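Q: Could you walk me through this model at a gentle pace? I would like to ask about one thing at a time.

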There are 2 protein chains.
Amino acid sequence: MYSPKELQEKVNSEIAGLTHLKRTPSELYKPIDYALQNGGKRLRPVLTLMGCNLFSEDVAIALKPSVAFEIFHNFTLLHDDIMDNAPIRRNQPTVHSKWNTNIAILSGDAMLVIAYDLLSDIPDDKLKNVLEVFNRTALEVCEGQQYDMNFETSAVTTENEYLEMIRLKTSVLIAAALNVGALLGDASNEDAAELYRFGINLGLAFQLQDDFLDTYGNSELFGKQIGGDILMNKKTYLLVKTMEMAGKKDLGILKSLLYEEKNPSAKINGVRKIFDNYNINTITERKINEYFSSAMKNMDNIRVSDERKTPLLNFTQNLIRRQT
Amino acid sequence: MYSPKELQEKVNSEIAGLTHLKRTPSELYKPIDYALQNGGKRLRPVLTLMGCNLFSEDVAIALKPSVAFEIFHNFTLLHDDIMDNAPIRRNQPTVHSKWNTNIAILSGDAMLVIAYDLLSDIPDDKLKNVLEVFNRTALEVCEGQQYDMNFETSAVTTENEYLEMIRLKTSVLIAAALNVGALLGDASNEDAAELYRFGINLGLAFQLQDDFLDTYGNSELFGKQIGGDILMNKKTYLLVKTMEMAGKKDLGILKSLLYEEKNPSAKINGVRKIFDNYNINTITERKINEYFSSAMKNMDNIRVSDERKTPLLNFTQNLIRRQT
């Protein structure tokens, strides 16, 4: 069985060798190359390969589809960054700010097509099944992004609405990456479906952890400045859930802090104080653990030996609760 | 065999019944519905169905893939209209001006996914072949759009560069629509490839005719204002080819007319006068006829009876040289 590191290297060398990126015009393909070379953990393709490796020794069959997931993910980042007007991604200028919006739209479009092209490069008898998963997932990711944009302008967002949004925006792609890996590894439909549910729970835990660490993480380990979400008025689980629980007075303070722009640390400390009033750190950690336990139960239900499960379980455990 | 009108009705009723458009959030799907209901000739899906009907009586198999081509085409229009900053399309506000740019980006993305979803709904044994055609074509269309954007800022564009750009931006999709129809109609690979070449030649003739009619058409029949391309400084075949032929003096006049913004009719008449100096109307008509004749030769090479060819030939003849 392969380690995540070995699989990540396979993914990186497959990306480096992509013939698509050698096509012309360079104005279209250079930004794609830039976006794909700009690091990232290769989380989704590694999960595709681990999903495959859980059932089969032959992971080569899943390599191109795994890269399809990475390119799809980066396509969504390219277009989301335009919509969010984000200047920086992974410490580098975003494509639309390094080039321009038109280039970012069109290069993103081409990335989606390249993702489909890589996904199509699998045995005929698996193609329809895999496409079905990918098409449904891709549409759900668009829906998640739309809900996210809707939340920006809506006064109230409930906890359930928020969880459904992150399920669509983040979890389904992680789940689909694992699911497609399993299908290519000749898993039974039941096991592949269980691994999909594992991915949904893992994705929810992962996104909630991201929300948590932005406020309560260790800045050195987290790799981002603490409080960034608070400064940007981002609707995180912490904010949505606190607003749902908060009394009139705290809600008033919270809302007025959204308009605080002169003193960043006063804003972060003020919001965090309200968060603390409602023990949002404990509540969020409990929620993360809930999803993580559900994921572990899903893994229990999968009918392969414990040995085969070990690499994916270790990887998952490293992913969740790394940086607290 | 079916008439184009019957096929157009099949396409329209398939689009009206699309379950995708009933999904939520409505903010994502309403603009898609709007873009698809906003008329158009349904040229590409009708060609898919006619390509299928050329070889087979069962066109039902090609109905969903045909709609995939219509939705893909409209996806490109949505994103191109953002890039071109175009306020109006088919006499209606464009999606990005009726809603906003973010909505137009995301709805366009979802349309591309829906196109793939409809395309995937075909028998397993044809799926890989059809996807191969579609993926290659979709990437080429992106490349064509990029070349078109490059031309806007480049001082000189050659006739060959222009023809390659419209081949990518317009012809390959028309050719692929026909090709996929043929594959679904169980055509031999040779016949399907010949129909693809027919589509390339038809598409080139069609785009050159569009360029021609914008300057030399009958405005009532053409349905658009004559001279629109000239007013917008659009690089058409007429402009590119004239600039290639023009002497220093005419080139100077032509370039200074590009900056004329106060008097539209002086601009149109001035540019047209230079065009006339080089007989660009005759040259363009000759080029259209050349491509049209090549298309007819491609059709000759296809091994089905003349009777089966009649509807597609009539449709093609109506398409080219309608409005002179």
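**A bent helix and a pair of chains**

A: In this predicted model, helix α8(B) bends by about 45° at Ser171(B).

Q: Okay, and how many residues does helix α8 of chain B have?

A: Helix α8 of chain B has 26 residues, running from 159 to 184, and it reaches 36 Å from its first C-alpha to its last, which is close to the 38 Å expected at 1.5 Å a residue.

Q: Is α8(B) mostly covered or mostly exposed?

A: It is mostly covered, since 20 of the 26 residues of α8(B) are buried.

Q: And what follows α8(B)?

A: α8(B) is followed by Asp186(B), a residue whose phi is positive, near 65°.

Q: Switching topic: how can chain B be laid on chain A?

A: A turn of 180°, with a shift of 0.0 Å along the axis, lays chain B on chain A with an RMSD of 0.0 Å, and that is the relation of a two-fold axis.

Q: How many residues of chain B are in contact with chain A?

A: There are 30 residues of chain B in contact with 31 residues of chain A. On the side of chain B that touches chain A, α2 (26-37), α4 (63-84), α6 (101-119) and α7 (124-153) each supply at least two residues, and the largest share, 14 residues, comes from α7(B).

Q: What kinds of residues are on that side of chain B?

A: They divide into 17 nonpolar, 7 polar and 6 charged residues.

Q: Why do we say that the copies meet through the same surface?

A: Because 100% of the interface residues of chain B are also interface residues in chain A, the copies meet through the same surface.

How values were computed:
Residues are numbered from 1 along each chain as its sequence is written. Chains are lettered from A and ligands numbered from 1 in the order in which they are written. This is a predicted model: local features need pLDDT of at least 70, side-chain atom pairs count only at pLDDT 80 or more; totals for chains, interfaces and linings use all residues. Copies are superposed by least squares on the C-alpha atoms of residues with pLDDT of at least 70 in both. Two residues are in contact if their C-beta atoms, placed from the backbone, lie within 7 Å. Helices (H or I, at least four residues) and strands (E, at least two) are DSSP runs, numbered from the N terminus. Ala, Val, Leu, Ile, Met, Phe, Trp, Tyr, Cys and Pro count as nonpolar, Asp, Glu, Lys and Arg as charged, and the others, Gly among them, as polar. The expected span of a helix is 1.5 Å times one less than its number of residues. The bend at a residue is the angle between axes fitted to the seven residues ending there and the seven starting there. A residue is buried if 20 or more other C-beta atoms lie within 10 Å of its own, exposed if 12 or fewer, and partly exposed in between; C-beta atoms are placed from the backbone.
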